[in-house]
Amino acid sequence: RESDHRAWTPVTYTVTRQNATIQGLIQGKAYFFRIAAENIIGMGPFTETTKEILIRDPITVPDRPEDLEVKAVTKNSVTLTWNPPKYNGGSDITMYVLESRLIGKDKFHKVTKEKMLDRKFTVEGLKEGDTYEYRVSACNIVGQGKPSFCTKPITCKDEIAPPTLDLDFRDKLIVRVGEAFSLTGRYSGKPAPKVTWLKDDTVLKEDDRTKIKTTPTTLCLGILKSVREDTGKYCVTVENSTGSRKGFCQVNVVDRPSPPVGPVIFDEVFKDHMVVSWKPPLDDGGSEITNYIIEKKDTHKDLWMPVTSATVKTTCKIPKLLEGREYQIRIYAENLYGISDPLISDEMKAKDRFRVPDAPEQPIIKDVTKDSAVVVWNKPYDGGKPITNYIVEKKETMATRWVRVTKDPIFPGTKFKVPDLLEGCQYEFRVSAENEIGVGDPSPPSKPIFARDPIAKPSPPVNPEAVDKTKNSVDLSWQPPRHDGNGKIIGYLIEYQKVGDEEWKQANLTADSCPETNYKVTGLTEGLTYKFRVKAVNAAGESDPAHVPDPVEVKDRLEPPELILDANMAREQHVKAGDTLRLSAVIKGVPFPKVTWKKEDHEVSPKADIEVTGAGSKLEIRNTVHEDGGMYSLTVENPAGSKTVSVKVVVLDKPGPPRNLNISDVRSDSCYITWMEPEDDGGSVITNYVVERKDVASAQWVAISSSSKKRSHMAKYLMEGTQYLFRVAAENQYGRGPYVETLKPIKAIDPLHPPGPPKNLHHVDVDKTEVSLVWNRPDRDGGAEITGYLVEYQEDGADEWTKFQTVPMLDCVVTGL
């Protein structure tokens, strides 16, 4: 019963031993117990426990603490932490005992103070360089439990770790003016690193807007109410004795731009429009100017009218003005972040104004000599006031400074001869116009010219000669003229004359069509004789002609044919079936020979592509088959002779079908198959034969040999009485050829022989016209069931036997005797 109850509760089972286990008790409650003995007569008196028994688990010492770890090591201290044991032994932990052992010593020594319940402890006063190992035990009311597993040996020395840096910001950061921004991150290192913030290589310090916060593991730079001057390259440096790490961020604090820079300049003023210009803002706000907004206002009105908001140039035409009215111009700059304050111009009246003359067009240079040149130009627009003077300037092409060619006025003419040039130097010229307002812009520079005397006609070409000829052409060659007349040779003119004629004909119409020192004159008449001459041409004109010394008779120059064989025209050419056969050779000869391809002295197959060029000939057959093999010949022929080469072409293919397939020696379970090799081995040695069989009732062929090199095979394991077809194919390295198949099925049965003679023939009865005969079965049936017996008779003394009849049984009555 429970100690605070009076009622007894029976235990639910009866025991015959002197002990019992009582279950279902509640931990923490106290109970009394009683017990009585019982026999067949009845139950005796109870005996009761003298005092209550409190239900609880038995108390033991705690388990060993877990996860003993070293958290920090210096040259004279070690910091350790651990976790409680999994089981405290049934009683609360009262303290922990930490022990150490100097490596090399046997005993552990206690290092913790009395009653220490913290699970972290720093062992101090150690000697630098000594090595220790540690263990920790837990204590409860019963006593001290098992020690934890020892740490690894720990040597007292300052821990060193190079700095690490993990930043929360990217390489670039854009911030609007007035907004705050912060750069944060994490760092580590031993000894503890020093953290330094810099902006554009200048160390940052805290002030009203700049906040720097650094903890042992985090760092932060904050800027409040940012201004444009906060733009820059920020750098954080984390440094200790082992090294340093840096992080960078380009911060761009952006704002709307400052106003455009004035004053507004009125470049052009007319009665109906003006052209104004200005300078860009000093500060673009950290973002490029996307456009300018231009507005105009009649000074008599208070209304600003838009002109444009889509220009990025710093100049603008103000249209639609009223003559005589005064106007003001207002200009804003705009970027991605806003519109600037305006720049406002002075007042300006819309009316035509005179200006300096326009720039003349590019001048033209004429009559160049070694020390002078004539500059010619057209009159430009005079700006509203008459032109009073022209200014001509010169400069050497490689120089940068322009020099006036004369101080005297040049007017009214629009050309001027420039003196005092240096021979061989290259010059450019330009012209400006002047009126009473001032001097206008100069013209574009002229094309560069060299100061040298005009060129003369060249001397004639040297040593012209005829180097080759055909029945309708002659090839000429010559050397350049000895003197080019100070001008580049543009080319040559070639002329020819039929002997007996007076007229010279041109072979080429323009000199630049023959820039080289050779030319083929074509379109001549075979058998006629011609004279030839050549002229050199430069910018000054044509030279005197140079004549080919002797007249030339136009006819073919004979050279016998010559064949230069390519590698594919070796004595024997192998090509795999399906690939392309190529035969080619370089051909020479004058005139160019006639080309003939043949195969075995017959025309080549129509599938062959034959190409003949001025350099050679090529025969090509795509998707070759075995029949394309054979002896190919190439014949070249011209009036000077002929030449023939041959090449044997072997088209490598699968072999043909085997021949004379024969089945012999048929048995109930085997037969003997023989054949002859194919007529065509495909150009390659036959490596093996494939033999297959097929049950007549089946659709499937079954291989019975795939590697036979012999031309025979014993087919085994046949089913007696089954009919079979057989087929054989040959293989070479290019594949398997077609099968040859037996013409009719072969039945698997043993061969049949005539049966032996019946035994013990005798008569059992005789009549005057008939005899009753009986006999026994023969000893052998010849391999098949006996189907009957043939009975014959012969009259005594006669030569012939007479057939009576065939009977199925072993007896017969012969009648009609």
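So, strands and helices: this protein has 68 strands and zero helices. Keep in mind that what we have on screen is a predicted model.

Let's look at how the chain is laid out. Across the 817 residues, the radius of gyration comes to 62 Å, whereas a compact globule with that many residues would be near 28 Å. If you follow the C-alpha trace along its principal axes, the spans are about 170 × 140 × 70 Å. How much of the chain is buried? Buried residues are 36% of the 817. The protein exposes about 50,200 Å², with 49% of that coming from carbon and sulfur atoms. And take the contacts between residues at least 6 apart in sequence: 62% of those join residues at least 24 apart.

Now the domains. The UniProt entry, which is unreviewed, puts "Fibronectin type-III" domains at residues 1–58, 64–159, 259–353, 359–454, 460–557, 657–751 and 757–817. The unreviewed entry also places "Ig-like" domains at 163–252 and 561–646.

Let me walk you through a few of these. Among the fibronectin ones, residues 460–557 are 45% strand and 0% helix, and the C-alpha atoms at the two ends sit 29 Å apart. For residues 657–751, we get 49% strand, 0% helix, and 30 Å between the end C-alpha atoms.

What about the Ig-like spans? Residues 163–252 are 64% strand with 0% helix, and their end C-alpha atoms are 28 Å apart. Residues 561–646 are 62% strand and 0% helix, but here the end C-alpha atoms lie 16 Å apart.

Okay, side chains next. How many aromatic pairs does the structure hold? There are 14. Have a look at Trp377, Tyr390 and Phe411, because ring pairs link those three into a cluster.

Rings can have charged neighbours too. Find arginine 64, which lies over the face of phenylalanine 149, 4.5 Å from the ring centre. Then there's lysine 233: its charged end sits over the ring of phenylalanine 248, at 4.8 Å from the centre.

Last topic, the backbone, and a bit of background first. Most peptide bonds are trans, and most residues other than glycine have a negative phi. Here are some exceptions.

Which peptide bond near the start of a loop is worth a click? Go to lysine 190 and proline 191, where the bond between them is cis, with omega near -5 degrees. Proline 191 is in the loop between β14 (181–190) and β15 (194–199). Another cis bond runs from glycine 262 to proline 263, with omega near 5 degrees. Proline 263, though, is found in a strand, β21, which covers residues 261–269.

And phi? Asparagine 486 has a positive value, near 65 degrees. You'll find asparagine 486 in the loop between β38 (474–479) and β39 (491–498). Is asparagine 486 buried or exposed? With 62% relative accessibility, asparagine 486 counts as exposed.

Asparagine 623 also has a positive phi, near 50 degrees. That residue, asparagine 623, lies in the loop between β52 (616–621) and β53 (630–638). Its relative accessible area is 54%, so asparagine 623 is exposed, given that the cut-off is over 50%.

Key
Residues are numbered from 1 along each chain as its sequence is written. This is a predicted model: local features need pLDDT of at least 70, side-chain atom pairs count only at pLDDT 80 or more; totals for chains, interfaces and linings use all residues. Side-chain values use heavy atoms; hydrogens and water are left out. UniProt positions are given in the numbering used here, feature names are shortened, and annotations may be inferred rather than shown by experiment. Helices (H or I, at least four residues) and strands (E, at least two) are DSSP runs, numbered from the N terminus. Rings of Phe, Tyr and Trp (its six-membered ring) pair if their centres lie within 6.5 Å; planes under 30 degrees apart count as stacked, over 60 as edge-to-face and the rest as tilted. A charge sits over a ring if NZ of Lys or CZ of Arg is within 6 Å of the ring centre and within 35 degrees of the ring normal. The radius of gyration is taken over C-alpha atoms; the globule rule is 2.2 Å times the number of residues to the power 0.38. Buried means under 20% relative accessible area, exposed over 50%, partly exposed in between (1.4 Å probe, protein chains only). Contact means heavy atoms within 4.5 Å. Accessible areas come from the Shrake-Rupley method with a 1.4 Å probe; for residues, only the protein chains shown count as cover.
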